[in-house]
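Here are a few exercises to work through with the model open in your viewer. Try each task before reading its solution.

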Amino acid sequence: MAMYIVLVGPPGAGKGTQAQIVSETLCIPHISSGVIFRENLDNQTELGKLARSFLEHGELVPDDLTIAMIRERLSRPDCKDGALLDGFPRTTDQAEALAVIMNELYDRQVDAVPFIHVHVNALIERMTGRLTCKAGGHVFHEKHNPPKLAGICDYDGSELYQREDDKEETVRHRIHVYFDQTAPLIEYYKDAGKLIEIDGNKSIEEVSADILSALNIGV
Ligand code: AP5
Ligand code: MG
């Protein structure tokens, strides 16, 4: 059965980590707005040039650019049987745009919105210790989820690096931006009856099991 899922939560909550696991289990594409922006930055595309300063400063990229990028990605054939969105939507305007896109492309709405919540102090520790893969955006942590070989991605063998926006000062600003601009999404999806609250303070494996069981997927 096709399933469209939106993962929400503050920066560093584990959206990317859980999206890797859940999308693989459900055999649906993992669409991370942050990963797509970083690919565009690396490839120096027009979109990358427009988005660069927003990412570097931990600000949200303007809605028009972000929405157009996600519309294009969701319209590709691999999304016809479902998709897992990670990091989009991030404002209620983006959520309303997603409802229109889903209606136009697939004549339906998203099925479920797991909301991963984590204590603020843990978020900072998670982001400042994060290692990210250059090729596919896979994520590891120097303590909580180290790669099998130091500095090398388990999934595709590419080099791991520290994200430019994972410096403590930028991390703190991103958390502020989240509470200011993204937190209202929680009420939006609660009112729509789609929100599933997930305690993200547990281990990576426990959080995955909780998400899959809340989606009624046995593993
Ligand atoms: P984006 O890349 O989406 O960053 P983010 O939302 O700030 O989220 P993160 O990727 O930092 O955290 P995550 O929740 O994915 O955590 P992860 O799994 O890596 O966005 C970056 C930028 O792009 C934004 O600032 C903005 O400029 C722009 N952008 C993106 N989307 C946009 C949009 N829709 N609109 C406008 N602008 C947009 O985990 C973090 C670390 O913790 C890892 O090291 C991991 O190994 C570890 N970890 C994970 N789970 C656990 C656990 N349970 N226990 C212990 N450690 C754990
Ligand atoms: Mg992420």
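## Exercise 1: The cavity lining

In this predicted model, strand 3 gives three residues to the lining of the largest cavity, the largest share of that lining.

**Task.** Find which residues line the largest cavity, and sort them by class.

**Solution.**
1. Start with the count: there is one cavity of 30 Å³ or more in the structure.
2. Next comes the volume, which is about 30 Å³ for the largest cavity.
3. Now list the lining: Tyr4, Ile5, Leu74, Ala83, Leu84, Leu85, Met102 and Val110.
4. Map these residues onto the fold. Strand 1 (3-7) and strand 3 (82-86) are the elements that contribute two or more residues to the lining.
5. Finally, sort by class: eight nonpolar residues, with no polar and no charged ones.

## Exercise 2: The shell around ligand 1

**Task.** Work out which residues come nearest to ligand 1 and how many residues of each class its shell has.

**Solution.**
1. Collect the residues around ligand 1: there are 37, and Thr17, Glu59, Arg90, Arg130 and Arg174 come nearest.
2. Split the shell by class, which yields 13 nonpolar, 14 polar and 10 charged residues.
3. Assign them to elements. Helix 1 (15-26), helix 2 (33-42), helix 3 (46-57), helix 6 (120-128) and strand 6 (139-141) each provide at least two shell residues.
4. Pick out the largest share: helix 2 supplies four residues.

## Exercise 3: Polar contacts and cover

**Task.** Which atoms of Arg174, His141 and Ile204 face N or O atoms of ligand 1 within 3.5 Å?

**Solution.**
1. Take the side chain of Arg174: one of its polar atoms is 2.6 Å from an oxygen atom of ligand 1.
2. Turn to the backbone of His141, where an N or O atom lies 3.5 Å from a ligand 1 oxygen.
3. Look at Ile204, which has a polar backbone atom 3.4 Å from a nitrogen atom of ligand 1.
4. Add the cover: ligand 1 has 1,000 Å² of accessible area on its own, and the protein covers 96% of it.

## Exercise 4: An aromatic pair

**Task.** Is the ring pair of Phe140 and Tyr155 stacked, edge-to-face or tilted?

**Solution.**
1. Recall the two quantities needed: the distance of the ring centres and the angle of the planes.
2. Count the candidates: the model has four aromatic pairs.
3. For Phe140 and Tyr155, the centres are 6.2 Å apart and the planes stand at 50°, so this pair is tilted.
4. Place the partners. Phe140 is in strand 6 and Tyr155 in the loop between strand 6 and strand 7 (160-161), so the pair ties together parts 15 residues apart in sequence.

How values were computed
Residues are numbered from 1 along each chain as its sequence is written. Chains are lettered from A and ligands numbered from 1 in the order in which they are written. This is a predicted model: local features need pLDDT of at least 70, side-chain atom pairs count only at pLDDT 80 or more; totals for chains, interfaces and linings use all residues. Side-chain values use heavy atoms; hydrogens and water are left out. A residue is near a molecule or strand if one of its heavy atoms lies within 4 Å of it. A polar contact is a pair of N or O atoms within 3.5 Å; within protein, one must be able to donate a hydrogen and the other to accept it, and residues adjacent in sequence count only if both atoms are side-chain atoms. Accessible areas come from the Shrake-Rupley method with a 1.4 Å probe; for residues, only the protein chains shown count as cover. Ala, Val, Leu, Ile, Met, Phe, Trp, Tyr, Cys and Pro count as nonpolar, Asp, Glu, Lys and Arg as charged, and the others, Gly among them, as polar. On a 1 Å grid over the protein atoms alone, a cavity is a set of points where a 1.4 Å probe fits but cannot get out, and a pocket is an open set with protein on both sides within 12 Å along at least five of seven lines; lining residues have an atom within 4 Å of a point. Grid points are joined across faces, edges and corners, and a volume is the space filled by probe spheres set on the points. Rings of Phe, Tyr and Trp (its six-membered ring) pair if their centres lie within 6.5 Å; planes under 30 degrees apart count as stacked, over 60 as edge-to-face and the rest as tilted.
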